[in-house]
Amino acid sequence: MRRSALTLLLLLCAACARTSSVVPRRGPPVTVVPPELALESGYSPWAISMPFGVAQDGSALVLRFLERAEASGARYLSNVQVVFVADDAGTSMECRTTLMPEGAVPPWKPLIRTAMAAGEYAPLKLVSRPVPDVVMSCQETWAVTMVPQAVRLSSTSRAHPGELTIGGNMVRRPEVRCGPVATLRLLTRYAFEDAVSYVPPRIERMVEQRPELKLQETEAECYPRDPASPGVNRIEAMAYGGAGPRAAFLDGPMSPMVAPRSAPQMDL
């Protein structure tokens, strides 16, 4: 009963937030929740991973990952992490940020991140540089339109009124026009992100596609890479529900991912 009530509550919350502007999806919507809440659903966890290359937009990347999780049949995701393989003076490092529901970041996390950002690892250095961007710009202009008007030509004879013609007057009206404009913005990101031209996800842009998606991204953590872990940049998470591994035949190379509890895994 507890599982049924929890599942119904989460599904209703996700369904109510959706609008007609959302792109149709191939499966039921997936919800990002804290691990303890996902476990209460009663579904068995399994690991899901999606490799990615250079020059990626984080917003589009995360949305694509969610779509593929839905296609696999997953109902919930937890521990969503964007993982990078980096180098620190010859030492292979693994740096990652975590996407969590709003308000779910433990209070002790910022203390660890602040210590790391102080210079423990070179990949955590912040780099600022201009990057291409597209913004919506609106400006007021004057639009000239013709207002139709019926005009009867004059006639000297009362018995034969003048011919009726259609004319018009040119009228100028103020008008606001909006459209996309290419521009540059100053982007500050970690050195490991800058090295592969990765643009971190912008939560407000993801919400435009998924209004119910209320996430926050943590600061990065770096540590020496486990030789057994995949040597590729990737997004990974724990999935709950669905058929698990091989549930969807999606593109992307298969690579191992270690998951807790010997959970099955799937690479997208």
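The charged end of Arg172 sits over the ring of Trp142, at 4.7 Å from the ring centre. For a charge to count as sitting over a ring, NZ of Lys or CZ of Arg must be within 6 Å of the ring centre and within 35 degrees of the ring normal.

Before going on, a word on what you're looking at. This is a predicted model, where local features need pLDDT of at least 70 and side-chain atom pairs count only at pLDDT 80 or more, while totals for chains, interfaces and linings use all residues. Residues are numbered from 1 along each chain as its sequence is written, and side-chain values use heavy atoms, with hydrogens and water left out.

**Aromatic pairs**

Searching the whole structure turns up six aromatic pairs. The rule: rings of Phe, Tyr and Trp (for Trp, its six-membered ring) pair if their centres lie within 6.5 Å, and planes under 30 degrees apart are called stacked, over 60 edge-to-face, the rest tilted. One of the six is Phe52 with Phe84: the ring centres are 5.6 Å apart and the planes stand at 80°, so this pair is edge-to-face. It ties together distant parts of the chain, with Phe52 in the loop between β2 (45-51) and α3 (58-71) and Phe84 in strand β3 (residues 76-88), 32 residues apart. Helices (H or I, at least four residues) and strands (E, at least two) are DSSP runs here, numbered from the N terminus.

Both Phe52 and Phe84 are buried. Buried means under 20% relative accessible area, exposed means over 50%, and partly exposed is in between (1.4 Å probe, protein chains only).

Tyr190 and Phe192 make a stacked pair, 5.3 Å centre to centre with 5° between the planes. Tyr190 is buried at 10% relative accessibility, and Phe192 is buried at 5%. Put Phe52, Phe84, Tyr190, Phe192 and Tyr198 together and you have one aromatic cluster.

**Disulfides**

Taking a disulfide as a pair of cysteine sulfur atoms within 2.5 Å, the count comes to two. Here they are side by side.

| Disulfide | S to S | Where the cysteines sit | Separation |
|---|---|---|---|
| Cys95 and Cys222 | 2.0 Å | Cys95 in strand β4 (residues 91-101), Cys222 in strand β8 (residues 221-224) | 127 residues |
| Cys138 and Cys178 | 1.8 Å | Cys138 in strand β5 (residues 126-152), Cys178 in strand β6 (residues 164-190) | 40 residues |

The torsion about the S-S bond of Cys138 and Cys178 is about 115°, so that disulfide is right-handed. The link of Cys95 and Cys222 is right-handed too, with 115° about its S-S bond.

As for accessibility, Cys95 is buried with a relative accessible area of 0%, and Cys222 is buried at 1%. Over at the other bridge, Cys138 is partly exposed at 47%, and Cys178 is partly exposed at 48%. Number the bonded cysteines of the chain in sequence order and the pairing reads 1-4, 2-3.

**Positive phi**

Two alanines are worth a look in the backbone. Ala55 isn't a glycine, yet it has a positive phi of about 55°. You'll find Ala55 in the loop between β2 and α3, where it counts as exposed at 54% relative accessibility. Ala89 also has a positive phi, near 55°, in a residue other than glycine. Ala89 lies in the loop between β3 and β4 and is exposed, with a relative accessible area of 80%.
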